[in-house]
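Got your viewer open and a selection box ready? Here is a walk through the model, one stop at a time.

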Amino acid sequence: MLAEALLPLLLTLKVAAWATLAAMLVGVALALWMARCRFRGREILDAVLTLPMVMPPTVLGYYLIVVIGRNGWMGHWLWESFGVNLMFTWQGAVFAAAIVALPLVFKGTRAAFEAVDSQTENAARTLGVSEVGVFFRVTLPLAWRGILAGGMLAFARAMGEFGATLMVAGNLPGRTQTLSLAVYDAVQAGQDDLANFLVVLTSVVCVVILVASGRLLKPKY
Amino acid sequence: MKLPTLAIWILSGATALVVPPACGADIVVSAASSLTNAFSEIGKAFEKTKPEHKVLFSFGASGSLLQQISRGAPVDVFASADQETMDRAQKQNLIVVETRRNFASNKLVVVVPAGAKANLVELNELASTSIQRIAIGNPESVPVGRYAKAALEAINAWERLLPKMIFTQNVRQGLDYVARGEVDAGFVYLSDVSAGNPKVKTALQVPTAKPILYPMAVVKGNGQENLARTFVQFVYSETGQKILANHGFLSP
């Protein structure tokens, strides 16, 4: 039973880690852009980027099939140019989880950037610090906890991702079957022993992550 | 609004959701995914003969439906796509045994996307390199997957083809993957393609060791047994059988 649970656990951690990384890179860049620049349709873009958080996962899954499926516009291009097909692969699961997790990073990070006092940044500028220096030595350290919190939430959300992943990556044991899918499968097939083991395992992993993130986010005075 | 008043509002709202409104009795029919179109039509025909009653359907993989019933889902009639699932229901004492009867049969087929170049002539060719992905119902809970697995095991091809298999939650999901061209082939029932889906074509019919027989039975202890029995009778009746035949099912 341990072997049956270990594979989905490792896959879940792998998918969630990559998805969080991708969501962090894109989310932080977008958040910085939106917090700094004023342009038409900014709030509409904000709403669109938040959509994956509020939309039913099945709707998102369908969108993703239409986009990255073999006949989807992006999927077709990927296949024709690189011979890559994301459907039914763990990379596809990463893609789905990253989209779902993106709003959590983006929202938290945007709020964190907007909360940074511009006077502090201006003070650095008067002391002759370059723009890049201001960002890395003033803005980022001040916004860091908000960004990290967003990242933790994103990781948790990516770990629990179910609906969109089921539609895009399928439910292939050993290949794309994450913990949440394995639990679903075990319950559907009436394997209650396996389901019990998997849910306990999932709960323990989640508690560990929450405790770890709580420590990491604790303010240091 | 004071807190207690708010609490009363919330409680009464919740009660309204929990207590079913009193009106003509409804029955819930849990049926295999492959029966989706045929049973929806049978339900409408049944409601015409008994306008005071409503038939609600829950379609899904037979195995999943059995799990729901065994955990106490308020289901009145169960129709599965294989004998094995119904045998399990019977063993768990969930159905009224004397109401169990086969009402339809089906054939297993392999479908490919309509635009596919490769032409399959026999089951062995699924191993060829032009076939990268094969949709199959998850054999743990989906009958079509079990039939297909048994057919592939009979020609010693299951282990070899396993890396290509895309497990689906029910037969219709597999059909959808084929129609979208996401997979190169898929195992479905003959009845699933009888409506002439323009996006898929039937490549070959797969002989199964066991005949594909659909059993149906009244589920125990939901207080609607008489109405449930009437519905079951209606499916066996000439009208019901004709609708099933129109949707590509064969007589049992």
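A residue counts as buried here if 20 or more other C-beta atoms lie within 10 Å of its own, with those C-beta atoms placed from the backbone. Keep that cut-off handy, and keep in mind that this is a predicted model.

**Stop 1: a covered strand in chain B.** Select residues 185-189 of chain B, which is strand β8; 5 of its 5 residues are buried. Colour the two faces separately if you like: B:Ala185, B:Phe187 and B:Tyr189 sit on one side, B:Gly186 and B:Val188 on the other, and both faces are covered.

Now add the partners. Strand β5 of chain B (residues 108-113) runs antiparallel to β8(B), and 4 bridges join them. To see the register, pick B:Val110, which stands opposite B:Phe187. Next bring in strand β6 of chain B, residues 134-137, which is parallel to β8(B) and joined to it by 2 bridges. Here the pair to click on is B:Ile134 opposite B:Ala185.

**Stop 2: the open sheet, also in chain B.** Show β2, β1, β3, β10 and β4 of chain B in that order: these 5 strands make an open sheet with mixed pairing. Its edges are β2 (54-60) and β4 (101-106), each of which pairs on one side only. From one strand to the next, the twist averages 20 degrees.

Zoom in on β1(B), residues 26-32, and β3(B), residues 77-79: they pair in the parallel sense over 3 bridges. B:Ala31 is a good place to centre the view, with B:Ala79 of β3(B) opposite.

**Stop 3: the core.** Stay with B:Val77 for a moment. Setting aside neighbours within four places in sequence, B:Val77 is in contact with B:Ile27, B:Val29, B:Met216, B:Val218, B:Val219, B:Ala228, B:Phe231 and B:Val232. What is this residue part of? The largest nonpolar core has 119 residues, and B:Val77 is among the members that touch the most others, along with B:Phe78, A:Ala97 and A:Ala101. For the largest share of this core, select helix α5 of chain A (residues 90-115), which supplies 15 residues. In soluble globular proteins, nonpolar side chains tend to be buried together.

**Stop 4: two helices of chain A.** Select residues 192-217 of chain A, helix α10. How does its span compare with what 1.5 Å a residue predicts? The 26 residues should span 38 Å, and the end C-alpha atoms are 37 Å apart, so the two agree. Its buried residues are A:Leu198, A:Leu201 and A:Thr202, and they pack against α1 (2-36) and α9 (179-188) of chain A.

Follow α1(A) along to A:Met34, which lies in that helix. Is A:Met34 buried or exposed? It has 20 C-beta neighbours inside 10 Å, so A:Met34 counts as buried. Beyond neighbours within four places in sequence, A:Met34 is in contact with A:Arg42, A:Asp46 and A:Arg110. Try a distance label too: A:Met34 and A:Phe106 are 72 residues apart in sequence, yet 9.7 Å apart in space, C-alpha to C-alpha.

**Last stop: where the chains meet.** Show both chains and select the contacts: 11 residues of chain B touch 13 residues of chain A. On the chain B side, α3 (62-70) and β7 (165-168) each supply at least two residues, and α3(B) gives the most, with 3. Colour that side by class and you get 2 nonpolar, 5 polar and 4 charged residues.

Notes: Residues numbered from 1 in each chain as written. Chains lettered and ligands numbered in written order. Predicted model: local features only at pLDDT ≥ 70, side-chain atom pairs only at ≥ 80, totals over all residues. Contact = placed C-beta atoms within 7 Å. Nonpolar A, V, L, I, M, F, W, Y, C, P; charged D, E, K, R; others polar. Buried ≥ 20, exposed ≤ 12 C-beta atoms within 10 Å, placed from the backbone. Pairing = 2+ DSSP bridges. Expected span 1.5 Å × (residues − 1). Core = buried A, V, L, I, M, F, W, Y, C linked by C-beta atoms within 7 Å. Axes fitted to C-alpha atoms, helices over the stretch in contact; angles between N-to-C directions.
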